[in-house]
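Hi there,

Here is the structure I promised to pass on to you. Have a look at it first, and then read on for my notes on what turned up.

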Amino acid sequence: TALSLAPLVMDVRQIIKAVNCFKHAISQDDSCFDCWTGLAEALSALYEYTHDEDHFLQANECYANGSKIAPQEADHWLE
């Protein structure tokens with residue numbers, strides 16, 4: 001919800017909140033494909049706001065982890 005809300009209210013704090021929520025979810029279940037995808041999307045959005053290369057690299061790592069969990073998800077590979 002925070003990730004969807006962020007562009008509507010133009011508030012980067014909502015993206016950071018989404019990143020923290022997805023990280024918490026992954027700490028509970030590191031084999032959750034949706035959690036890895038959500039974290040990757042949140043970090044990509046954070047990169048768009050900050051242009052910090054570290055966020056871009058972290059997003060790529062999250063996409064890679066998600067791809068290992070569910071290699072059959074074609075849309076995920078495109079991201």
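**What turned up**

L5, L8 and V9 together make a nonpolar patch on the surface, with an area of about 290 Å². Before going further, please keep in mind that this is a predicted model.

Let me stay with that patch for a moment. Two of its members, L5 and L8, can be placed in helix α1: L5 lies there, and so does L8, the helix covering residues 2–9. L8 counts as exposed, because its relative accessibility of 70% is over the 50% cut-off. L5 has a relative accessible area of 34% and is partly exposed. If you want a sense of where L5 sits with respect to a more distant part of the chain, take L39: the two are 34 residues apart in sequence, and their C-alpha atoms are 15 Å apart in space.

Helix α2, residues 12–28, holds a residue that touches this part of the chain, namely Q14. Is Q14 buried or exposed? With 18% relative accessibility, Q14 is buried, because the value is under 20%. Which residues does Q14 contact, once its neighbours within four places in sequence are set aside? They are A2, L3, L5, A6 and V9. Two of these contacts, L5 and V9, will be familiar to you from the nonpolar patch.

**Between α1 and α2**

The loop between α1 and α2 is worth a look on your screen. M10 is found in this loop, and D11 lies in it as well. M10 has a phi near 55°, which is a positive value in a residue other than glycine. M10 is also exposed, at 65% relative accessibility. D11, by contrast, counts as buried, with a relative accessibility of 16%.

How many salt bridges does a search of the whole structure find? The search gives one. It joins R13 to D11, and the closest N and O atoms of the pair are 3.0 Å apart. This distance qualifies because a salt bridge calls for a nitrogen and an oxygen within 4 Å. As a general point, side chains of opposite charge can pair when their charged atoms come close. The two partners are covered to unlike degrees: R13 is exposed at 61% relative accessibility, whereas D11 is buried at 16%. D11 can also be related to a residue much further along the chain, since its C-alpha atom and that of Y49 are separated by 9.6 Å, with their positions 38 residues apart in the chain.**Around the start of α4**

H51 is found in the loop between α3 (33–50) and α4. Phi of H51 is near 60°, again a positive value in a residue other than glycine. H51 has a relative accessible area of 58% and is exposed.

Which residues form the negative surface patch? They are D52, E53, D54 and E61. D54 lies in helix α4, which covers residues 53–69, and E61 is found in α4 too. D54 is partly exposed, with a relative accessible area of 41%, while E61 is exposed at 52% relative accessibility. For orientation, the C-alpha atoms of E61 and P7 are separated by 23 Å, and these residues are 54 apart along the chain.

That is what I have for you. Happy browsing!

Best wishes

Terms used:
Residues are numbered from 1 along each chain as its sequence is written. This is a predicted model: local features need pLDDT of at least 70, side-chain atom pairs count only at pLDDT 80 or more; totals for chains, interfaces and linings use all residues. Side-chain values use heavy atoms; hydrogens and water are left out. Patches are made of residues with over 30% relative accessible area and no salt bridge: like charges are joined within 9 Å, nonpolar side chains (Val, Leu, Ile, Met, Phe, Trp, Tyr) within 5 Å. Accessible areas come from the Shrake-Rupley method with a 1.4 Å probe; for residues, only the protein chains shown count as cover. A salt bridge is a side-chain nitrogen of Lys or Arg within 4 Å of a carboxyl oxygen of Asp or Glu. Lys and Arg count as positive and Asp and Glu as negative; His and the chain ends are not counted. The place of a charge is taken as NZ of Lys, CZ of Arg, CG of Asp or CD of Glu. Helices (H or I, at least four residues) and strands (E, at least two) are DSSP runs, numbered from the N terminus. Buried means under 20% relative accessible area, exposed over 50%, partly exposed in between (1.4 Å probe, protein chains only). Contact means heavy atoms within 4.5 Å.
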